[in-house]
Amino acid sequence: MIPFLELKTQFQAIEPELRAAIDRVLARGWYVLGEECAAFEREFAAYLGIDHAAGVNSGTDAIGLALRALGIGPGDEVITAANTCVPTAVGIVSAGATLVLADADPRTHTIDVQSVASAITPKTRAIVPVHLYGHPCDMDPLIALARAHGLVVVEDCAQAHGARYRGKHCGTLGDAAAFSFYPSKNLGAFGDGGAVVTRDAEVAGRLRRLRHYGQADRYHHVDQGVNSRLDEMQAAILRAKLPYLDAWNAARRGRALRYIERLRHCRAQMPVQAEWAESCWHLFVLQSPERDGLREHLKGRGIGTEIHYPVPLHLQPCYAHLGYREGQFPVSERACREVLSLPLYPELTLGAVDEICAAIEGFFA
């Protein structure tokens with residue numbers, strides 16, 4: 001059996017550091033908004049090369065709170081990708097904003113700039129580009145478009161820990177960025193967790209109030225906030241893991257390149273890395289009209305796969321009220337019918353990659 005994802009081996013590799021981090025929290029007896037969260041915020045911001053980070057409860061909350069901290073709310077339209085995961089949309093809606101969708105680029109599967117431009121209206125206030133699968137969006141034209149229309153940009157970096165655009169870390173390119181630390185991410189906690197990063201001290205201060213009931217001083221509330229705080233245990237675990245992130249991403253890259261080399265002659269579209277991008281390879285996603293048959297073939301050989309994502313946002317029942325129709329975002333719809341994610345994680349052996357490739361080659365042969 002080759003599972004799609006396996007987290008135990010990573011835990012075993014750095015178990016002493018993780019147990020020391022957990023014990024440190026238990027010994028201190030402080031579990032919310034303490035020294036571990038503050039230290040992780042400093043260390044994560046330093047890793048990215050940005051001024052401020054605020055730990056929150058999840059990547060979904062990170063999107064919603066980032067938008068709110070930037071002044072986005074009811075009556076404002078926010079554009080994001082039709083082929084992203086639903087939590088992106090949930091974050092936008094949680095800010096009170098109206099969800100507006102754009103199609104994907106057929107080469108990178110990230111948001112298409114021209115589609116974004118076509119979606120802008122007088123009510124548009126923000127763009128949330130999603131660095132999907134760990135591959136950066138083409139940010140220069142997106143930011144130029146945003147500036148031309150007076151829009152803010154909140155990067156969805158839930159899958160982009162360590163990814164770079166033209167040499168700069170994803171998350172440092174827009175007005176703010178949202179990260180998820182869900183366990184399956186390149187930098188994952190032992191539960192839910194997230195962070196918002198920004199260069200703007202005023203926005204960062206507002207974020208820290210919003211995540212803590214809108215509180216400026218104890219029992220004095222200046223904003224209508226929420227309860228969304230990265231707890232001390234998760235922050236300590238993330239601190240233990242952060243020094244390994246670049247090495248883990250390099251291991252992912254090596255396995256992705258092995259896939260591409262072995263499968264380059266198969267009847268499937270391999271993922272690309274644009275000339276301006278350095279993917280962190282959160283997922284390895286190939287595309288084929290024969291996706292469903294290939295998935296069954298691999299399942300029969302004990303190889304786990306996933307589909308990221310089978311239904312685009314505009315065809316989800318919960319967003320039917322937006323009035324989009326089938327066929328409106330053809331690139332996203334085709335991708336949802338054809339994409340298949342193969343196992344990809346640092347601990348996956350190259351022998352397992354070769355075994356997966358042999359099974360895929362056998363299917364297409």
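**Exercise 1. Work out which residues bring H4 and H8 together, and describe the packing.**

Start with the contacts: on the H4 side, Leu65, Ala66, Arg68 and Ala69 touch Val203, Arg206, Leu207 and Leu210 of H8. Sort them by class and you get 6 nonpolar, no polar and 2 charged residues. Keep in mind that this is a predicted model.

Next comes the geometry. The axes of H4 (residues 59-69) and H8 (residues 201-210) come within 9 Å, crossing at roughly 125°. Angles of 65 to 115 degrees would be roughly perpendicular and those over 145 roughly antiparallel. H4 and H8 are therefore oblique to each other. As for handedness, H4 passes H8 in a right-handed crossing.

**Exercise 2. Now do the same for H3 and H9.**

Take the axes first this time. Helix H3 covers residues 35-48 and helix H9 residues 232-241; their axes come within 8 Å and cross at roughly 40°. That angle makes H3 oblique to H9. To count as roughly parallel, the angle would have to be under 35 degrees. The crossing of H3 with H9 is left-handed.

Then list who meets whom. H3 brings Glu35, Glu36, Cys37, Ala39, Phe40 and Glu43, while H9 offers Glu232, Ala235, Ala236, Leu238 and Arg239. Split by class, the contact of H3 with H9 has 6 nonpolar, no polar and 5 charged residues.

**Exercise 3. Follow Phe40 to its aromatic partner and say what the pair links.**

The structure holds 11 aromatic pairs. One of them joins Phe40 to Phe181, with 5.4 Å centre to centre and 80° between the planes. Plane angles over 60 degrees count as edge-to-face, and that is how the pair of Phe40 and Phe181 is classed.

Now place the two rings. Phe40 sits in helix H3, and Phe181 in the loop between strand E8 (176-180) and strand E9 (194-198), so the pair ties together parts 141 residues apart in sequence. Phe40 also turns up among the H3 residues that meet H9.

**Exercise 4. Lay out the sheet that contains E6.**

Begin with strand order: 3 strands make an open sheet, E7-E6-E12, with antiparallel pairing. Then find the edges. Strand E7 (168-169) and strand E12 (277-278) are the edge strands, each pairing on one side only.

Finally, zoom in on one pairing. E6 (residues 164-165) runs antiparallel to E12, and 2 bridges join them. For a register check, look at Tyr165: across from Tyr165 in E12 stands Ala277.

Methods. Residues numbered from 1 in each chain as written. Predicted model: local features only at pLDDT ≥ 70, side-chain atom pairs only at ≥ 80, totals over all residues. Heavy atoms only, no water. Axes fitted to C-alpha atoms, helices over the stretch in contact; angles between N-to-C directions. Helix = DSSP H or I, 4+ residues; strand = E, 2+ residues; numbered from the N terminus. Left-handed = near helix turned anticlockwise from the far one by under 90°. Contact = heavy atoms within 4.5 Å. Nonpolar A, V, L, I, M, F, W, Y, C, P; charged D, E, K, R; others polar. Pairing = 2+ DSSP bridges. Phe/Tyr/Trp six-rings, centres within 6.5 Å; stacked < 30°, edge-to-face > 60°.
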